[in-house]
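Here is a short round of questions and answers on one protein model. Read each question, check the structure, then compare.

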Amino acid sequence: CPGTMATESPRRPSRCTGGVVVRPQAATEQSYMESVVTFLQDVVPQAYSGTPPEEKEKIVWVRFENADLNDTSRNMEFHEIHSTGNEPPLLLMIGYSDGMQVWSIPISGEAQELFSVRHGPVRAARILPAPQISAQKCDNFAEKRPLLGVCKSIGSSGTSPPYCCVDLYSLRTGDMVKSIQFKTPIYDLHCNKRILVVVLQEKIAAFDSCTFTKKFFVTSCYPCPGPNMNPIALGSRWLAYAENKLIRCHQSRGGACGDNIQSYTATVISAAKTIKTGLTMVGKVVTQLTGTLPSGASEEEILAHSNLRRSPLVPGIVTIIDTETVAEGQVLVSEDSDSDGIVAHFPAHEKPICCMAFNPSGMLLVTTDTLGHDFHVFQILTHPWSSSQSAVHHLYTLHRGETEAKVQDISFSHDCRWVVVSTLRGTSHVFPINPYGGQPCVRTHMSPRVVNRMSRFQKSAGLEEIEQELTSKQGGRCSPVPGLSSSPSGSPLHGKLNSQDTYNNFTNNNPGNPRLLPLPSLTVVLPLAQIKQPMTLGTITKRTGPYLFGAGCFSIKAPCKSKPAPQISPSKSVGGEFCVAAVFGASRSWFANNSGLKREKDQSKQFVVESLYIISCYGSLVEHVLEPRPLSTAPKISDDTPLEMVTCPRASWTLVRTPQWNELQPPFNANHPLLLAADAVQYYQYLLAG
C-alpha cells in the first residue's frame, strides 16, 4: 500500500483496506520503577493527569491463521520466494467479547487491519481457503470467495441456541451464503482445502469445502475438561482426534512408550497423588454404588462419571483418518468395522488428550495430555493395507516440568526443527527436535538447513550399520534413565502392545523396514527457552519483561531489553490463565530498529532460526529473535555438543482494539489483500484442473 507514516504515531489509516496500519516499535528495556509508574498511570490516571486511560476492548481468544493470503504452495506470488526475497504475511485473528478482528503482518513490518466487526461474542472463526477442484469437482461458491466461517452467540436465524450454528459470509459481497445448524454447542472450527470441520463436545462433523454438504462425522470422541473440549488436529489431508476406546484389531505398531522422566520431586508428587487416590477410593466406590456424586465434584469427575454409565472409556487414544479415502457417513472404529480410511490408531498418553497438532508435512504429530508435564512427538508411517500395519514412532518426549499446566497452542517451525508449546499460564516453551528423531545438537541445529541424520564421517566410518546392529540386539528403544527397562514392554503403555505384536509379527525382524521392530530410540528433550508474557503489578507479578531459561543447565538468562506492552485486564485472569498463540516467521523488526535503512533481501536469512511471534491477551504482538548456540559449560565444542539458546524481544505491535475504532466490514474492494489472494489461488487451481 502506498503512503508514509508519521513518526510520532505508530498507527495510521490504510489506503488499501480503509483499516488501521500499525507500525512496529522497537522493544527496549523498562526499569522496575518505570513499570510501577506505568501501572499507576493505567490504574490511577487521575493522580497524574485527571484524564481517564484509553479504554481497550476485552480479548477472549487469539489465533494465527493459514489461508490463501499466506499459502506458499498455491499462491503463485510466493513460488519464487527464495529468489525474490518475498515472504508470506502473518495472518492473525483476535476474538473480543464483542466481535472479532483480522490482521495481516507482511514482511514490511507494518501490521494492516483487514477485517473488524462488533456483533456479539464469537467463539470460533476461520477464513476458509479456496477448495481443491478438479475436472469432476467444481466450487459452488467460487464467485463468493473468500469466505469467513463464524460461530457466534446469536446465529443468522436468531432462534437457534447460543453457539449452535456456523454462518459462512462472503468477504467479497458481504452476504451470508450458508448457515449450518446444530442442536448442541460448537466449540471450534478447523478447515483446509478439502473440508470444513465443526467440533462439538463429543462429536466431529466434516463438510465438503466445495458444496458444504456433510461428508462424514465421528461420534466416538473422548472429551477433555478444557481448554479444548474436543481436541483435534487437522493437517492438509489427515485428521487426528481423541478416540474413546482402544481397538486391538486396528491398533498400529508402536505408540507412546512412557514418560521416562523421574526425579525426586516427581517421586514425591507421585506419592502424594497415590495417597490422595487411596483416601478418595472409598468415596468413589460409594458414588458408583449409589449413582450420585458429591456436590463439590469437579468438572472432570462429573464427565468421567457420566461416561462410566455408558461404557468403560479409555483415555489417551489417538485415531488418524484420511479425509480423502474415509467413507461417507459415520466413522466408527470397532472390531466389526473395516479399516478403510483409518491411517493409525494408537495409545499416546495415559491421561486424556488436551491438545494436538500436525507439522507442516503432516508426518509428525505432537500430543499433550491434561497434566501438561510431557508432550509426545510421533512420526506416522502409513501402510496401504490397514492401520494395524502402520507404524507410529515415538521420537520425542518434550518435558515441560513437574507442575500441571493446560496447553492451548502448538506450533512448528517451517523446517520442523523447532516446536513451541504455549500453556494457559502464558508461557511459551521452545523445544529443538529433528524430523527423523535423535538428540538435537550443534550439527543439527546450528546450520540454516536441515542436515541428514548421519554425518558424512559417520557414514564413511560405517557407524550407521553398527548403530542398527546395536539397536537390534538391545530390543529397540533404550530408556535414557538408568534402572528402567530398555524394552518397550517395560512401559505400562507398551504392555498393551504385546498381543498386537504377536498378531502382526508374521515376518522376520528387519531393521531396514521402518514399520517393523526395532522401533527408533526415544529422546527426552528439555526446553531451550521459556518465554513468559510481560506483566505489571496489575497481574500480581514482579517481572517487567520476559525471562528466559536455558534448558541445558536450567540457568536463568538475563532478561533481554523489552518494553512491556500497555497492560489491560487479562481475558482469562481467573486462576492465572492467559490466552496465547505463537508462530514462526521471517523477521519483521528491521524497520523498527533501522527506520532510515532499506531492507536487504537476505537480511531475514542471517539467523539460523526464524523469529518467534507471540500474541497474548493484552493484544501485544512481540517478535522474539532466537539464537541457538553451543552449551557454554561444554569443555569442548564438537558436532554432538548440546545446545542452549539466547532469545530477545526485537519489536512489538499494539493491536488491541479500542471502542473508538471504526468497524471494517465487507463488501471489500477488488484490491483488498484477502480478495487478491483468493483470486490468485483460484486461478492457480483452475490451471491445475485444466
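Buried means under 20% relative accessible area, exposed over 50%, and partly exposed in between (1.4 Å probe, protein chains only). The model is predicted: local features need pLDDT of at least 70, side-chain atom pairs count only at pLDDT 80 or more, and totals for chains, interfaces and linings use all residues. Residues are numbered from 1 along each chain as its sequence is written, and side-chain values use heavy atoms, leaving out hydrogens and water.

Q: Is Met76 buried, partly exposed or exposed?
A: Met76 sits in the loop between β4 (59-65) and α2 (81-84). Helices (H or I, at least four residues) and strands (E, at least two) are DSSP runs, numbered from the N terminus. The relative accessible area of Met76 is 38%, so this residue is partly exposed.

Q: Which element gives the largest share of the largest nonpolar core?
A: A nonpolar core joins buried Ala, Val, Leu, Ile, Met, Phe, Trp, Tyr and Cys residues through side-chain atoms within 4.5 Å. This one has 26 residues, of which Trp103, Trp653 and Leu655 touch the most other members. Elements giving two or more residues include β6 (100-105) and β34 (643-654). The largest share, four residues, comes from β5.

Q: Which residue in β28 is the bridge partner of Val421?
A: Strands pair if DSSP finds at least two bridges between them. Four strands form an open antiparallel sheet in the order β26-β27-β28-β30. Within it, five bridges join β27 (residues 418-423) to β28 (residues 427-432). The partner of Val421 is His429.
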